[in-house]
Amino acid sequence: MKRIILMVLRNLLYVPFGWFRLCYYASHVDQYTEEQRYAMLKDIDRRANKGGRITIDAHGVENIPETDGFMFYPNHQGLYDVLAIVEACPRPFSVVMKKELQEIPFLKQVFACMKAYAIDREDIKQSMGVIVQVTKEVKAGRNFLIFAEGTRSKKGNRLLDFKGGSFKAATKAQCSIVPVALIDSYKSFDTNSIKPLTVQVHFLEPITYEEYKDMKTTEIAAEVKHRIEDTIEKYEKS
């Protein structure tokens with residue numbers, strides 16, 4: 001919470017304009033292309049990170065597929081995760097989020113601009129409907145992000161098990177899966193520190209459909225988790 005306040009205070013002159021701009025885009029999403037909306041979000045994100053004394057250390061941007069229609073699968077550390085990836089990623093993407101985030105101010109507007117989907121983990125029919133829709137959009141060339149842990153780990157840089165069901169949209173769309181390793185993202189909003197912070201975002205080599213087509217979704221989940229854990233172990237500062 002302290003860092004969020006710092007972000008606001010150090011951008012005090014920009015906040016009214018930025019908030020109006022964000023809300024307007026969120027209410028008129030179809031008036032803007034996905035690229036325009038994403039550029040606007042990156043601008044707000046960059047200002048917020050600078051104000052909050054957060055540096056994004058991006059690795060492996062060259063691993064992001066050149067052709068759209070892929071899916072990111074990062075580890076999930078907290079509310080800041082998507083904002084870290086937005087600054088690091090030059091390509092627009094959308095998000096599948098849990099429904100509880102739909103009404104959180106700022107995140108609500110950000111996800112509206114991304115045309116994100118909210119999933120109700122207690123409603124199987126609704127969840128399957130989201131998977132079907134995401135599959136269609138990925139096939140049509142949109143990029144999506146799903147947190148395969150289902151919820152933030154609350155264990156710092158340690159991961160929870162990745163759920164096989166989170167990979168159904170990717171397997172149905174037959175798209176490339178891009179594992180993303182986040183390091184120290186939880187320190188942004190989930191601690192009371194406002195010390196300068198570096199958050200690492202590692203885009204790992206994509207797993208193509210040809211590589212995983214004969215694997216079960218649980219096996220894909222385990223492989224993606226393994227690759228992310230190896231990266232965190234390699235780059236995490238002691």
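In the predicted model, Ser185 has a relative accessibility of 1% and therefore counts as buried, the cut-off for this class being under 20%. Ser185 is placed in the loop that runs between strand S6 (177-183) and helix H8 (186-189). Beyond its neighbours within four places in sequence, Ser185 makes contact with Gln77, Tyr80, Asp81 and Val199. The buried state of Ser185 thus accompanies a position in a loop.

Two further loop residues, Lys154 and Gln174, were examined for their backbone angles. Most residues other than glycine have a negative phi. Lys154, although not a glycine, has a positive phi of about 60°. This residue is found in the loop between strand S5 (144-146) and helix H7 (168-173). With a relative accessibility of 68%, Lys154 counts as exposed, because the class of exposed residues begins over 50%.

Gln174 likewise is a residue other than glycine with a positive phi, here near 55°. The loop that holds Gln174 lies between H7 and S6. Helix H7 (168-173) therefore borders the loop of Lys154 on one side and the loop of Gln174 on the other, as the elements are numbered from the N terminus. The relative accessibility of Gln174 is 48%, so this residue counts as partly exposed. The three loop residues thus fall into three classes: Ser185 is buried, Gln174 is partly exposed and Lys154 is exposed.

At the level of the whole chain, the secondary structure of the protein consists of 10 helices and 7 strands. The radius of gyration is 17 Å, close to the 18 Å given by the globule rule for 238 residues, so the protein is as compact as a globular protein of that length. The C-alpha trace spans about 55 × 45 × 35 Å along its principal axes.

Of the 238 residues in the protein, 50% are buried, and Ser185 belongs to this group. Among contacts with a separation of 6 or more, 74% are accounted for by residues 24 or more positions apart. The contacts of Ser185 with Gln77, Tyr80 and Asp81 provide examples of pairs from distant parts of the sequence.

The accessible surface of the protein comes to about 12000 Å², and carbon and sulfur atoms contribute 53% of this area. With regard to charge, the protein carries 35 positive and 31 negative charges, and the mean positions of the two sets are 6 Å apart.

How values were computed. Residues numbered from 1 in each chain as written. Predicted model: local features only at pLDDT ≥ 70, side-chain atom pairs only at ≥ 80, totals over all residues. Heavy atoms only, no water. Helix = DSSP H or I, 4+ residues; strand = E, 2+ residues; numbered from the N terminus. Rg over C-alpha atoms; globule rule 2.2 N^0.38 Å. Buried < 20%, exposed > 50% of the residue type's maximum accessible area, 1.4 Å probe, protein only. Contact = heavy atoms within 4.5 Å. Areas by Shrake-Rupley, 256 points an atom, 1.4 Å probe, with all protein chains shown as cover. Lys, Arg positive; Asp, Glu negative; His and termini not counted. Charge placed at Lys NZ, Arg CZ, Asp CG, Glu CD.
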